[in-house]
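Reader: I should like to learn how to read several features of a protein model, beginning with backbone angles and going on to sheets and helices. Please give the general idea first and then the case at hand.

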Amino acid sequence: MVIASSCDSFCGLFFRAHANFVFSVCNEELLENVDFQGSDIAELQSPDVEHCQHLCTQHPTCLFFTFFGSLGTTDDRAFKCYLKSNPSGKPTSQTPLNGATSGFSLKALSCKPNLEPCLSQVYQNVDFGGADYRFLFTNDHEDCQRVCTLDPACQFFTFLEGDFRTQDVRFRCHLKYSWNIPRIPNIERKTGVTSGFSQNLFLNQDFKKGCQKTFFVNMDIPGNDLELVKAASVEHCQVMCSAHPQCTYFSFQSTGFNCNLKNNQQSLVAVAKEGTTSGLPARFCQLADDWLTTRYEGIDFFGSDIGFEPMDDVQQCQTKCTASPFCQFYTFADASFPDPIARRRCYLKRVVTLPAPPSVTKLTKAVSGFSGRNCGTTVF
């Protein structure tokens with residue numbers, strides 16, 4: 001999922017300074033027909049206000065939001081979730097506006113935030129557009145949701161009912177994917193820093209058989225690009241490819257930390273290229289966790305800060321990140337860091353991993369919803 005953000009660097013600075021205040025105050029109130037004008041840092045698609053609030057809670061700097069529901073086909077704000085933040089930590093304006101609902105992040109520990117919520121609601125006459133990786137025909141939307149729940153890659157779905165306007169796609173169930181594992185937005189080489197991951201990241205199921213590592217060193221597989229993501233190592237790049245249902249192989253460029261995910265089920269042609277390592281995904285097996293336990297010296301996982309704390313060493317920083325329910329990855333600035341103000345600081349970081357459709361629109365006789373994987377047996 002790509003988040004369009006207009007937040008300047010002050011967001012992270014303010015958020016760190018006010019982190020203790022933010023995490024101590026819980027405000028669960030939803031204000032109907034109220035718009036928190038301004039202070040936008042990101043604009044996302046969302047089917048309802050609860051989902052929008054979950055997005056705000058997971059976003060590293062979002063403190064409050066405004067959601068616009070189904071306002072009509074001519075209003076381009078329909079199903080928009082505007083994430084917001086400012087130095088005061090509070091909305092600067094609360095304006096009456098029909099169709100808008102505003103509220104606050106549930107980051108405060110007193111809110112007991114659920115970072116893997118059960119999204120059991122289904123949405124009649126709503127299409128989750130894009131992000132398709134597979135479709136099949138099912139009896140109804142309940143069967144479609146069941147298939148989505150049992151498919152590890154599926155995050156959400158759209159089902160076209162039996163009386164949908166286009167006859168040849170009736171009863172079709174579209175399975176859809178969005179990133180449910182952290183994507184680091186920026187990775188840079190930098191003196192005096194060490195970065196790494198929370199040891200609580202759960203990225204693959206428990207399988208008895210270990211995965212095979214198939215890497216082609218100094219080889220590139222050109223073309224057939226699916227998506228470009230950042231990775232700290234070739235092993236990390238393999239994890240990203242393995243998580244994406246359409247990734248058939250990848251090429252990792254170590255100089256820029258570029259992990260090029262590829263999609264071609266017909267052929268694989270590798271060519272020599274210095275500094276590039278290509279490889280294959282590993283699925284339905286237990287991936288090695290060496291990429292997860294590694295501390296990446298001289299590498300900065302830049303941005304996505306949720307706060308910082310003074311620490312003596314990187315071990316303490318990793319322990320703090322692992323203990324935090326919000327932290328997914330971290331960067332520690334040691335005593336040799338060029339900026340003396342930032343020395344011996346542990347920067348805790350995260351990104352949104354909530355299932356999020358790239359598009360939400362009205363569509364007659366379509367039913368959309370999310371995987372019930374986090375709902376136990378209560379949904380079915």
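Author: Let us begin with Phe284, which is placed in the loop between strand E16 (271–279) and helix H6 (290–293). Helices (H or I, at least four residues) and strands (E, at least two) are DSSP runs, numbered from the N terminus. The model is predicted: local features need pLDDT of at least 70, side-chain atom pairs count only at pLDDT 80 or more, and totals for chains, interfaces and linings use all residues. Residues are numbered from 1 along each chain as its sequence is written, and side-chain values use heavy atoms, with hydrogens and water left out.

Reader: What is the phi of Phe284, and is the residue buried or exposed?

Author: Most residues other than glycine have a negative phi. Phe284, however, has a phi near 55 degrees, a positive value in a residue other than glycine. Phe284 counts as exposed because its relative accessibility is 65%; buried means under 20% relative accessible area, exposed over 50%, and partly exposed in between (1.4 Å probe, protein chains only).

Reader: Where does Ser39 lie, and what is its phi?

Author: Ser39 lies in the loop between strand E2 (31–36) and strand E3 (40–45). Its phi is near 65 degrees, a positive value in a residue other than glycine. Ser39 counts as partly exposed because its relative accessibility is 23%.

Reader: How should one read an open sheet, and which strands stand at the edges beside E17-E11-E19-E20-E18 or within it?

Author: Two strands pair if DSSP finds at least two bridges between them. Here five strands form an open sheet in the order E17-E11-E19-E20-E18, with antiparallel pairing. Strand E17 (296–302) and strand E18 (305–310) stand at the edges; each has a single partner strand, so one side of each is left without a neighbour in the sheet. From one strand to the next, the twist averages 35 degrees, where axes are lines fitted to C-alpha atoms, for helices over the stretch in contact, and angles run from 0 to 180 degrees between N-to-C directions.

Reader: How many bridges join strand E11 to E17, and which helix packs on the sheet?

Author: Strand E11 (residues 186–197) is joined to E17 by six bridges, and the two run antiparallel. Thr194 stands opposite Glu297 in E17. Helix H7 (residues 314–323) packs on this sheet, touching E11, E18, strand E19 (329–333) and strand E20 (345–349); contact means heavy atoms within 4.5 Å. The direction of H7 makes about 155 degrees with that of E19.

Reader: What is the order of the open sheet that contains E7?

Author: Its five strands have the order E7-E21-E9-E10-E8, and the pairing is antiparallel. Strand E7 (122–129) and E8 are at the edges, each with a single partner strand, so one side of each lacks a neighbour in the sheet. On average, neighbouring strands of this sheet are turned by 40 degrees against each other, direction ignored. Five bridges pair strand E9 (residues 156–160) with strand E21 (residues 359–370) in the antiparallel sense, and Thr158 stands opposite Ser368 in E21.

Reader: Which strands does H4 lie across, and with which residues is His141 in contact?

Author: H4 lies across E7, E8, E9, strand E10 (172–176) and E21, running at about 155 degrees to E9. His141 lies in this helix, H4 (residues 141–150), and counts as buried because its relative accessibility is 17%. Leaving aside neighbours within four places in sequence, His141 is in contact with Val122, Gln124, Phe157, Phe159 and Val367.
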